[in-house]
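Here are my notes on this one, point by point. Have the model open next to you as you read.

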Amino acid sequence: MNGNIITVMMNKFKYFSILFLYLVLMDGATINISAQAAGSKVLVTAQNESLNKSDIDKVIAFYEWAFSAKFTSEQRNQYQSIKLNEFRKDPNGTRKSIDNIISNYTQVLAKNEEEQSRVRQAFNGEFVGQLRNLPNDAEAKLLLSVYNSTHAVETASNDADDSSGSVGEISSLVGKWVWTHTGNSAVSTSGAYIGSNGSRFTYQFLPNGTVEFTGIMNVMNGGCNQQIFQSRKGKVRLSGSTMTINWSPATFTRDFSCDRANNYTKTLPAENETYQVKFKTDLGQKQLCLISKDETCYSPTK
């Protein structure tokens with residue numbers, strides 16, 4: 001897979017939208033297409049880069065394809081204003097991000113309807129969640145409003161529990177459930193990929209009433225990579241919608257590439273945790289939601 005996409009350093013959801021589309025394409029090949037149409041109206045120019053009206057129209061066309069929804073005239077104007085402000089702050093980064101979106105969109109359109117549907121579903125399954133995690137970002141709020149314009153019934157049903165009260169027996173939890181979050185990536189001065197910020201938490205519930213948890217976080221800081229890993233096992237008790245886990249001592253590891261001498265692995269003490277549990281459906285997929293101070297929803301995985 002071509003690594004030039006990694007060099008686009010943007011906020012989390014903008015980076016993720018392009019990267020994820022890149023990952024779900026069938027063959028991962030790239031198409032180098034000039035996004036700027038000849039004769040298109042130039043909206044702004046800075047640092048030898050320009051942003052045309054056709055660029056905005058093509059990016060909007062991509063999101064309309066992805067969401068199966070149409071921007072209103074007001075939303076189109078709002079989106080153009082957002083991109084113009086972004087371009088004025090970072091002409092090179094904005095130009096690269098738009099070129100990559102248009103290039104990937106063109107590649108998707110070259111596929112048949114079945115393949116396009118698979119890409120659309122996979123993209124939305126991750127990207128819409130990223131939008132919902134950025135309530136104060138103007139672009140995220142606008143894109144989510146476009147998505148919700150045709151998915152309002154689905155969104156409302158997703159916010160409701162699939163069950164009323166009791167979750168059921170331990171058997172209803174059996175399986176592996178995962179929550180992931182992807183952030184910005186880092187590159188060296190030569191453009192080589194170094195690593196990316198991200199987290200992955202997994203619960204595996206077994207038929208005998210035990211559970212295994214693994215959590216990994218990767219944090220990039222400059223050219224340094226810090227990885228934190230935790231694993232633990234416990235016994236589960238389920239009473240209605242209340243789940244209690246009696247955890248055994250856990251293993252906790254810290255690995256920092258720029259401070260190897262102080263890396264360590266230690267054992268954390270046993271503890272008990274209590275959650276409220278519910279199931280819900282998001283974009284057609286069943287999710288297991290654990291609620292303590294906050295709610296975190298996990299998707300089934302293998």
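## Notes on the model

1. **Big picture.** Keep in mind that this is a predicted model. The protein chain has six helices and twelve strands. Of its 302 residues, 42% are buried. If you take the contacts between residues at least 6 apart in sequence, 56% of them join residues at least 24 apart.

2. **Disulfide count.** With a cut-off of 2.5 Å between cysteine sulfur atoms, you get two disulfides. Counting bonded cysteines along the chain, the pattern is 1-2, 3-4. As a reminder, a disulfide is a covalent bond between two cysteine sulfur atoms.

3. **Cys 224 and Cys 258.** The sulfur atoms of this pair sit 1.9 Å apart. The S-S torsion is about -95 degrees, so the link is left-handed. What does the pair tie together? Cys 224 belongs to strand β6 (residues 224–239) and Cys 258 to the loop between β8 (250–256) and β9 (264–268), so the disulfide connects parts that are 34 residues apart in sequence. The two ends also have their own burial classes: Cys 224 has 17% relative accessibility and counts as buried, whereas Cys 258, with 45%, is partly exposed. The reasoning is simply that buried means under 20% and exposed means over 50%, so a value in between is partly exposed.

4. **Cys 289 and Cys 297.** In this disulfide the sulfur atoms are 2.1 Å apart. Left-handed or right-handed? The angle about the S-S bond is 105 degrees, and the link of Cys 289 and Cys 297 is right-handed. Both Cys 289 and Cys 297 are buried.

5. **Gln 230, also in β6.** Back in strand β6, have a look at Gln 230. Its relative accessible area is 18%, so Gln 230 counts as buried. Leaving out residues up to four places away in sequence, Gln 230 touches Phe 213, Thr 214, Gly 215, Ala 250, Thr 251, Phe 252 and Leu 268. Of these contacts, Ala 250, Thr 251 and Phe 252 fall in the 250–256 stretch of β8, while Leu 268 belongs to β9 (264–268).

6. **Helix α2 on its own.** α2 covers residues 53–67, which makes 15 residues. From its first C-alpha to its last it reaches 21 Å, close to the 21 Å expected at 1.5 Å a residue. How much of α2 is buried? Eleven of its 15 residues are, so the helix is largely enclosed by the rest of the structure. The buried set includes Ile 56, Val 59, Ile 60, Phe 62 and Trp 65, and also Asp 55 and Glu 64. Right after α2 comes Ser 68, with a positive phi near 55 degrees.

7. **α2 against α5.** Two packed helices are described by the angle between their axes and the distance between the axes. For α2 and helix α5 (residues 113–132), the angle is about 100 degrees and the axes are 9 Å apart. That angle makes α2 roughly perpendicular to α5. On the α2 side the contact is made by Phe 62, Tyr 63, Trp 65, Ala 66 and Phe 67, and on the α5 side by Gln 116, Val 119, Arg 120, Phe 123, Asn 124, Phe 127 and Leu 131. By class, that contact has nine nonpolar residues, two polar and one charged. The five residues from α2 are also on its buried list.

8. **α3 against α4.** Helix α3 (residues 73–89) and helix α4 (residues 91–109) pack at about 130 degrees, with their axes 5 Å apart. Here α3 is oblique to α4. Which residues meet? From α3 they are Lys 83, Glu 86, Phe 87, Arg 88 and Lys 89, and from α4 Pro 91, Thr 94 and Ser 97. The classes in this contact are two nonpolar, two polar and four charged.

9. **Val 42 in β1.** Strand β1 spans residues 42–46 and has Val 42 in it. Is Val 42 buried or partly exposed? A relative accessible area of 46% makes Val 42 partly exposed. Setting aside residues up to four places away in sequence, Val 42 touches Ser 50, Leu 51 and Asn 52. Measuring C-alpha to C-alpha in the model, Val 42 is 8.7 Å from Ser 54, with their positions twelve residues apart in sequence numbering. Ser 54 is one of the buried residues of α2.

Conventions:
Residues numbered from 1 in each chain as written. Predicted model: local features only at pLDDT ≥ 70, side-chain atom pairs only at ≥ 80, totals over all residues. Heavy atoms only, no water. Helix = DSSP H or I, 4+ residues; strand = E, 2+ residues; numbered from the N terminus. Buried < 20%, exposed > 50% of the residue type's maximum accessible area, 1.4 Å probe, protein only. Expected span 1.5 Å × (residues − 1). Axes fitted to C-alpha atoms, helices over the stretch in contact; angles between N-to-C directions. Parallel < 35°, antiparallel > 145°, perpendicular 65-115°, else oblique. Contact = heavy atoms within 4.5 Å. Nonpolar A, V, L, I, M, F, W, Y, C, P; charged D, E, K, R; others polar.
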